[in-house]
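Grab a coffee and work through these exercises with the model open beside you. Try each task before you read its solution.

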Amino acid sequence: MYENIDRSDLHQFGFDGARFKKAGRGELHGPCLWCGGKDRMVISKGMYWCRQCNKGGSLAKLLKEPLSFEEMERLRTISLAKEKRERDRIDREKTAKLKILNRDKPWVQFHKNLMDKPDILQQLEKDGITMKAVEFFQLGYVPKFRYWADGVEGFSPGIVFPIKNGKGMHNLRIRLLNITEGDKYRPFMSDVGAGFFKADFPDEDWVVIVEGEKKAIVCWLNGIPAVGIQGCWTFKEEWLPWFKKRYKQVFIALDPDPGGVAGAKRLAEMLHAPLIVLEGKPDDLFVQGKLTTPQFVSILSKSIYLLKRR
Ligand SMILES: [Zn+2]
């Protein structure tokens, strides 16, 4: 009984199913009713147990001997208060980190570094990123950036992409130059969360979402207003209202790799935006002369037609 339990079934045991996440091996992880550990409760194969307070047992038994309503409310209040304290602490840390970033302005030095690197500037130019973009977006260069890949420490030179938000700099993204496969981008500051890279035209009421800062810049240079995100799974629901308010029409042109397709579909549904599948990455297509601005605009406008017909 309750072997393959779904999140929506959890309420009958007193758990708040909406706050549970699917983990590997068919497990569900979420807040403990007893100690308030926010992801400590594991539910799997008809059993529940907390990795923090060790409370546990069979779901079938829990259903037969339910907690009283008062007991449940008491426990839930404790758990919510604990979670809120934890969230507030993380928010405070994030704010402090961003203050330091905006006070020290490390991107100024990184930008100077890049201006002293003709070979890197030349490479960027070949990749479609001209001096106009280097100056406009204050792109930079870091000679030795420490990063981890699969738990192993490494060092690499990197291109610095400043990520702005309304009030100041949100973070910097480092494009590692010695990595050719896997995730080439790293955040300059960890734990500040994802941000999006805005390369839009203030007068346009439409935008294309692309993967990564580099593509956003190349699109922008080719007259296409673009926003770069760091992979489709990083798009946050709290960004939705801003996108809806700012743009009349959003398009999604993410990388045509199998891993990205599922995430791209999710994003298309969230934004009610058409998904464009190009024959390659938009920046490469532009640089290789396989895509022109009018062609791209025409592909986009056809996609609206398809969206409306669906
Ligand atoms: Zn617990």
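**Exercise 1. Work out how far along the chain the contacts reach, and how the chain is built overall.**

Start with contacts, where two residues count if their C-beta atoms, placed from the backbone, lie within 7 Å. Take the pairs in the chain at least 6 apart in sequence: 46% of those contacts join residues at least 24 apart.

Before going on, a word on what you're looking at: this is a predicted model, where local features need pLDDT of at least 70, side-chain atom pairs count only at pLDDT 80 or more, and totals for chains, interfaces and linings use all residues. Residues are numbered from 1 along each chain as its sequence is written.

Next, the elements. The chain has 10 helices and 13 strands, both being DSSP runs numbered from the N terminus (helices are H or I, at least four residues; strands are E, at least two).

Then the overall extent: along the principal axes, the C-alpha atoms fill a box of roughly 70 × 50 × 35 Å.

Last, burial. A residue is buried if 20 or more other C-beta atoms lie within 10 Å of its own, exposed if 12 or fewer, and partly exposed in between, with C-beta atoms placed from the backbone. By that count, 30% of the 310 residues are buried.

**Exercise 2. Trace the sheet that holds strands 1 to 5.**

First, get the order. This open sheet of 5 strands runs 1-2-3-4-5 with antiparallel pairing; strands pair if DSSP finds at least two bridges between them.

Now find the edges. Strand 1 (21–22) and strand 5 each have a single partner strand, so one side of each has no neighbour in the sheet.

Then walk through the pairs:

- Strand 3 (residues 41–44) and strand 4 (residues 47–50) are antiparallel over 4 bridges, and Val 42 has Trp 49 as its bridge partner in strand 4.
- That hairpin has 2 residues between its strands, and Lys 45 takes a positive phi near 50°.
- Strand 4 is joined to strand 5 (residues 56–58) by 3 bridges, again antiparallel, with Trp 49 opposite Gly 56.
- The hairpin of strand 4 and strand 5 has 5 residues between the strands, and Asn 54 takes a positive phi near 70° there.

So which residue should you click on to link these strands? Trp 49 is a handy pick: it is the bridge partner of Val 42 and stands opposite Gly 56 in strand 5.

**Exercise 3. Do the same for the sheet with the order 6-7-8-9.**

This one is an open sheet of 4 strands with antiparallel pairing. Strand 6 (140–149) and strand 9 (185–187) sit at the edges with a single partner strand each, so one side of each is left without a neighbour in the sheet.

In the middle, strand 7 and strand 8 pair antiparallel over 7 bridges. For one of the residue pairs, look at Ile 163, whose bridge partner in strand 8 is Asn 171.

**Exercise 4. Describe how domain 2 meets domain 3.**

Set the bounds first: domain 1 is 1–104, domain 2 is 106–193 and domain 3 is 194–310, as given by an automatic or database domain assignment.

Over C-alpha atoms, the centres of domain 2 and domain 3 are 22 Å apart. Their contact takes 17 residues from domain 2 and 14 residues from domain 3.

On the domain 2 side, helix 5 (131–136), strand 7 (152–164) and strand 8 (169–176) each supply at least two residues. Strand 8 gives the most, with 4 residues.

**Exercise 5. Find the largest nonpolar core and place Ala 216 and Pro 225.**

A nonpolar core is a set of buried Ala, Val, Leu, Ile, Met, Phe, Trp, Tyr and Cys residues joined through C-beta atoms within 7 Å. The largest has 54 residues, and Ala 216 is one of those touching the most other members. Helix 6 (residues 213–221) gives the largest share, 5 residues. Domain 2 and domain 3 both contribute, so the core lies between them.

Beyond its neighbours within four places in sequence, Ala 216 contacts residues including Phe 197, Val 210 and Val 227.

Now for Pro 225, in the loop between helix 6 and strand 12 (226–229). Is Pro 225 buried or exposed? It counts as buried because it has 20 C-beta neighbours inside 10 Å. Outside four places in sequence, Pro 225 has contacts that include Phe 201, Trp 206 and Trp 220.
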